[in-house]
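I am opening my notebook on a new chain today. I will look things up one at a time and write down what I find.

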Amino acid sequence: MSDYTEIQEGEAYNWPLAKFFFRVTIDGLPELGFQTCEGLEAEMSVIEYRPGNSQYLFKSKRPGLVTYSNITLKKGAFEGDFNLLDLWRAYGWLSEGGYRNNKKEIIIELMDDGGTPIITWTCKGCFPVKFTPPSMDAEADSEPAVEEMEIACESWDIEWV
């Protein structure tokens with residue numbers, strides 16, 4: 001017997017969410033149109049332990065610390081546009097005498113077709129760790145110039161609307 005149930009006429013049919021419609025807000029800065037947002041990953045370490053007098057020939061396992069991956073944001077470089085290097089400078093992350101420990105909150109929202117947020121990630125304790133300007137290639141006549149910034153994140157919360 002199959003778990004598959006046929007959809008009857010008039011029933012709503014749900015499709016998986018599309019991943020191309022998203023918004024990134026960085027502590028009240030003007031909205032930047034990002035092409036890619038990658039790295040929303042969390043991983044829990046495992047602590048293994050076996051007492052020396054244990055009669056069992058296996059280790060017990062316990063949950064350890066959670067590690068959040070770095071987030072990579074990519075966007076096209078436009079003439080006269082606020083770019084990622086300006087973003088880096090705006091927060092004093094790259095300026096002379098700037099406060100390099102200036103951590104920010106980043107909100108990433110996956111939207112439905114109507115522009116309503118469906119999933120929201122609130123990333124806390126964020127700061128940039130890498131900036132990559134557009135690469136140049138004389139043979140890539142139709143490729144856009146894309147810059148990217150990698151941002152360290154202490155933690156994030158996810159909320160489904």
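**Entry 1: a salt bridge to begin with.** I started with lysine 124 and aspartate 157, whose side chains meet in a salt bridge, 2.8 Å from N to O. I am working from a predicted model. I then looked up where the partners sit. Lysine 124 is in strand 7 and aspartate 157 is in strand 9, 33 residues apart, so I noted a link between distant parts of the chain. Are these two buried or exposed? Neither word fits: lysine 124 is partly exposed at 34% relative accessible area, and aspartate 157 is partly exposed at 42%.

**Entry 2: the other salt bridges.** How many salt bridges are there? I count 6. One network joins Glu48, Lys59 and Lys61 through salt bridges that share partners.

Next I checked glutamate 148 and lysine 74, which meet in a salt bridge at 4.0 Å, N to O. Glutamate 148 belongs to strand 8 and lysine 74 to strand 5, and 74 residues separate them. Glutamate 148 is partly exposed at 24% relative accessibility. Lysine 74 is partly exposed too, at 22%.

Glutamate 154 and lysine 103 form a salt bridge at 2.4 Å, N to O. This one runs from loop to loop. Glutamate 154 lies between strand 8 and strand 9, while lysine 103 lies between helix 1 and strand 6. They are 51 residues apart. Glutamate 154 has 46% relative accessibility and lysine 103 has 37%.

**Entry 3: the overall layout.** I stepped back to the whole chain. I find 1 helix and 9 strands. Along the sequence the order is β-β-β-β-β-α-β-β-β-β. The chain has 161 residues, and 27% of them are buried. I also looked at contacts with a separation of 6 or more: 61% of them join residues 24 or more positions apart. The exposed area is about 12,000 Å², with 50% of it from carbon and sulfur atoms.

**Entry 4: the core.** Which residues have the most contacts inside the largest nonpolar core? They are Val24, Ile26, Phe34, Ile106 and Cys123, in a core of 21 residues. The elements that give two or more residues to this core include strand 1 (22-26), helix 1 (84-90) and strand 6 (104-111). Strand 7 gives the most, with 4 residues.

I followed phenylalanine 34 further. Leaving out residues up to four places away in sequence, it touches Phe22, Val24, Ile26, Leu73, Lys74, Lys75 and Leu84. Lys74 is the lysine I met in the salt bridge with glutamate 148.

**Entry 5: aromatic pairs.** I count 2 aromatic pairs. Tyrosine 56 and phenylalanine 58 make a tilted pair, 5.5 Å centre to centre, with 35° between the planes. Tyrosine 56 is partly exposed at 46%, and phenylalanine 58 is exposed at 52%.

Why is the pair of tyrosine 68 and tryptophan 156 edge-to-face? Their planes stand at 70°, and planes over 60 degrees apart count as edge-to-face. The ring centres are 5.6 Å apart. Tyrosine 68 is in strand 4 (residues 60-68) and tryptophan 156 in strand 9, with these positions 88 residues apart. Tryptophan 156 is buried because its relative accessible area is 15%, under the 20% cut-off.

**Entry 6: a surface patch.** Last, I looked at tryptophan 160, also listed in strand 9 (residues 155-160). This tryptophan is exposed, with 59% relative accessible area. With Leu17 and Ile158, Trp160 forms a nonpolar surface patch of about 330 Å² accessible area together.

Technical notes. Residues numbered from 1 in each chain as written. Predicted model: local features only at pLDDT ≥ 70, side-chain atom pairs only at ≥ 80, totals over all residues. Heavy atoms only, no water. Core = buried A, V, L, I, M, F, W, Y, C linked by side-chain atoms within 4.5 Å. Buried < 20%, exposed > 50% of the residue type's maximum accessible area, 1.4 Å probe, protein only. Contact = heavy atoms within 4.5 Å. Patch = residues over 30% accessible without salt bridge, like charges linked within 9 Å, V, L, I, M, F, W, Y side chains within 5 Å. Areas by Shrake-Rupley, 256 points an atom, 1.4 Å probe, with all protein chains shown as cover. Phe/Tyr/Trp six-rings, centres within 6.5 Å; stacked < 30°, edge-to-face > 60°.
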